[in-house]
Structures are given as structure tokens and as C-alpha cells.
Amino acid sequence: EGADAGARTAAGGCEGEKPQGAEGIDTVRAGIQRGVCSTARFVDRLFGRENQFSEYEDETNGRASLTFGWDEQAQVTVDTRFRASANLPQINERFNATIGRASRDEYVADEIGIFNPAVGQFTDDEPAEWFAGVGYSAHRSRDSRFDLGAGVKLESPLNPYANARYRHYVYGGPRVLMTLRTTAFVENDEGFGVTQAFDVDRVLSDQYLLRISNSARMSEKTAGVRWRVRPALYQAIDYRRAMRYEAYVRGETDGEQPDLYGVAVTHRRSAFREWLFLEFGAELFWADGPEPGDRCRACVGAAIGFEILFGQAYDRILRRDATRLPADEA
């Protein structure tokens with residue numbers, strides 16, 4: 001009980017924030033962890049769905065978004081996403097239920113989507129689909145967590161899935177955070193598979209964060225190993241506004257090498273309310289594939305999106321982050 005209570009106290013903010021009654025070396029360690037974690041958490045709060053710090057599962061909370069994308073060959077695409085989580089205290093405080101609309105890569109394989117809807121026409125990423133599931137937090141501490149999950153993809157016939165996720169955090173001093181993510185999963189369409197991801201966050205200053213995301217997935221469906229690499233620079237203009245400058249490349253060891261790569265810039269800001277976000281993005285990309293319609297050379301794409309955050313957990317994070325950066329002067 002005591003260990004669980006301590007873990008919950010730490011998880012109320014960033015993993016590793018100073019627990020109540022901490023002294024001496026505990027305070028030093030917590031300060032080192034908090035420095036990089038707070039910046040990473042601000043980035044994930046603003047951009048969303050990019051790492052552990054966007055997941056606050058202590059109460060009912062969620063995100064809902066709508067994005068319109070365009071590129072010079074596929075023309076207009078529309079992408080909607082939704083995710084809501086709720087604890088199940090009547091069963092056990094470690095259980096939570098989730099319902100949402102996301103790609104299979106995200107909710108089954110725990111593989112973060114890195115491509116905007118503007119280039120979705122040229123990827124083999126699964127389209128967004130409705131799903132519902134139950135999760136169990138088997139272990140959670142300041143440095144690691146282990147979760148089990150199971151659910152169904154809401155289609156006819158129903159498509160069940162199950163996964164096990166382990167995440168480990170390594171703090172390389174006051175400015176570097178390394179996140180190791182290992183996920184084993186099984187699902188009717190994909191079969192058995194494993195996703196291995198490794199992310200590095202480097203705080204350059206109070207306004208800049210460099211994140212390098214890498215992942216590799218192998219399953220019964222993939223031809224060899226499916227890999228992705230994305231370096232991204234995040235700029236916090238103020239509490240409400242941020243920029244993301246990124247490059248990305250993806251391939252499969254037994255297929256095209258690579259089959260998609262490009263560069264993109266995104267502006268994201270809260271508008272009217274702290275929990276309402278607007279996003280504008282543009283990119284230049286190249287794509288290969290077996291069909292002529294899958295190929296594109298130096299294509300331009302653009303996207304505009306809206307997102308709503310809801311739940312008391314997000315409200316606390318929004319208020320906490322408001323004290324870290326200067327107010328919007330625009």
C-alpha cells in the first residue's frame with residue numbers, strides 16, 4: 001500500500017517529481033528528473049499522443065480531434081480521432097477502460113503515428129477505427145511501468161486483441177530523458193508481433209526540446225522489420241503556442257528502402273480556451289509503393305486540425321504548465 005501510494009503521488013505530476021517528505025539525495029534526484037520531464041510533458045500536452053506524458057489515467061479524461069489534410073495528388077482527406085479513459089475503482093484501482101478511434105498501430109501495437117493526414121494516402125498505416133478495451137496497471141514506479149490490455153476492434157465481425165507494454169525511463173542528467181518501450185501484441189489481422197521503440201528527449205533550453213523517436217515492428221504480417229525514425233525539434237513560444245520542425249523516414253527490410261520520407265513544420269496553439277487547440281502544418285515528402293498511386297516525388301501537403309482535451313487530469317496539467325512559460329503576448 002505504501003509503495004503504491006508513493007507511486008501515485010509521483011505520477012500526479014511528472015514521473016520522478018519530489019514525493020512528500022523527500023530529503024537530501026531524494027530531492028536532488030527528483031530535481032534532475034523533473035527538469036527534463038516537465039519540458040517533455042509540456043510538449044506532449046500541447047502536441048498530444050507522442051509519449052508517456054500525454055497519458056493521465058488517474059481519472060476520466062480524453063481527447064477528441066478533427067483534421068483536414070490536402071496534398072497535390074490525393075487532394076482532400078479528413079481524419080477524426082477520439083480517446084477516452086476511465087478508472088474502474090469498483091473492480092480494482094489498477095483497472096481502466098478505454099474507448100476511442102485510432103489506428104491499429106496506436107492502440108494495438110503501441111506504435112506512435114508520425115505522419116500527418118496529408119500524406120496518409122501514401123502509407124500502409126491502418127486507417128483510424130473504433131475500438132474498446134480494458135487495461136490493467138501491473139506495475140508503476142518513477143522509472144518504469146508495465147501494463148496489460150485487451151479489447152476489440154468494433155467492426156463486424158468483432159476483432160479481439162491483447163497486448164503487454166513495458167516502459168522504462170532513464171534520466172541522463174538534468175537535460176536528457178531516454179524512454180524504452182517494448183510491446184508484445186496479438187490481433188487477428190496482424191497476428192503475433194513485437195514493437196520495440198526508443199525515444200531520446202534532450203532539453204536544449206527552456207524553450208527548445210529535441211526528440212529523436214525510433215521504432216521497429218515485426219509481426220506475422222510485416223515483410224521483415226518495419227522501422228521508423230523521426231527527429232523533431234520543438235519550440236515553446238509561450239504557454240499557448242509551440243512549433244514542431246521534423247524530418248521522418250520509414251521502410252521495411254524486405255520491401256522498399258525507404259518507402260516514405262520527408263520534412264514538415266507544424267504550429268499548434270490553444271485558442272479561446274486552454275483545452276481547445278488549433279494546429280496548422282505543411283510538409284514536403286517522397287513516397288514509393290507497388291502501385292503508381294502510391295508513389296509521389298517531392299509532393300507538397302498541408303493540414304489544419306482542431307483538438308479538445310477533457311477531464312480533471314488534463315485541467316490540472318494545464319494549470320501546472322501555465323506557470324512554466326511566459327503568457328501569450330499576442
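1. Start with a stretch to treat carefully: over residues 15–20 the pLDDT (the predictor's confidence in each residue, from 0 to 100) stays under 50, and the model has 21 contacts there beyond four places in sequence. Contact here means heavy atoms within 4.5 Å. Residues 1–13 also stay under 50, with 12 contacts beyond four places in sequence. Where pLDDT is low, the predicted coordinates should not be read in detail.

2. A word on the ground rules. This is a predicted model, with local features needing pLDDT of at least 70 and side-chain atom pairs counting only at pLDDT 80 or more, while totals for chains, interfaces and linings use all residues. Residues are numbered from 1 along each chain as its sequence is written, and side-chain values use heavy atoms, leaving out hydrogens and water.

3. As for the chain as a whole, pLDDT averages 76, and 67% of the residues score at least 70. The protein chain has four helices and 14 strands; these are DSSP runs numbered from the N terminus, helices being H or I over at least four residues and strands E over at least two.

4. How much of the chain is buried? Of its 330 residues, 48% count that way, where buried means under 20% relative accessible area, exposed over 50% and partly exposed in between (1.4 Å probe, protein chains only). Among contacts with a separation of 6 or more, 55% join residues 24 or more positions apart.

5. The accessible surface comes to about 15000 Å², and carbon and sulfur atoms hold 58% of that. Areas are from the Shrake-Rupley method with a 1.4 Å probe, and for residues only the protein chains shown count as cover.

6. Have a look at the nonpolar surface patch of about 830 Å², whose members include Phe 68, Trp 70, Val 263 and Phe 306. Strands E1 (61–71), E2 (75–87), E13 (273–287) and E14 (296–311) each give two or more residues to the patch, and E14 gives the most, with three. Val 263 sits in strand E12 (residues 260–271), and this residue counts as partly exposed because its relative accessibility is 43%.

7. Finally, the structure holds one disulfide, meaning a pair of cysteine sulfur atoms within 2.5 Å. Cys 296 and Cys 299 form that disulfide, with their sulfur atoms 1.3 Å apart. Both Cys 296 and Cys 299 are buried. The torsion about their S-S bond is about -135°, so the disulfide is left-handed.

Note on methods: Patches are made of residues with over 30% relative accessible area and no salt bridge: like charges are joined within 9 Å, nonpolar side chains (Val, Leu, Ile, Met, Phe, Trp, Tyr) within 5 Å. A salt bridge is a side-chain nitrogen of Lys or Arg within 4 Å of a carboxyl oxygen of Asp or Glu.
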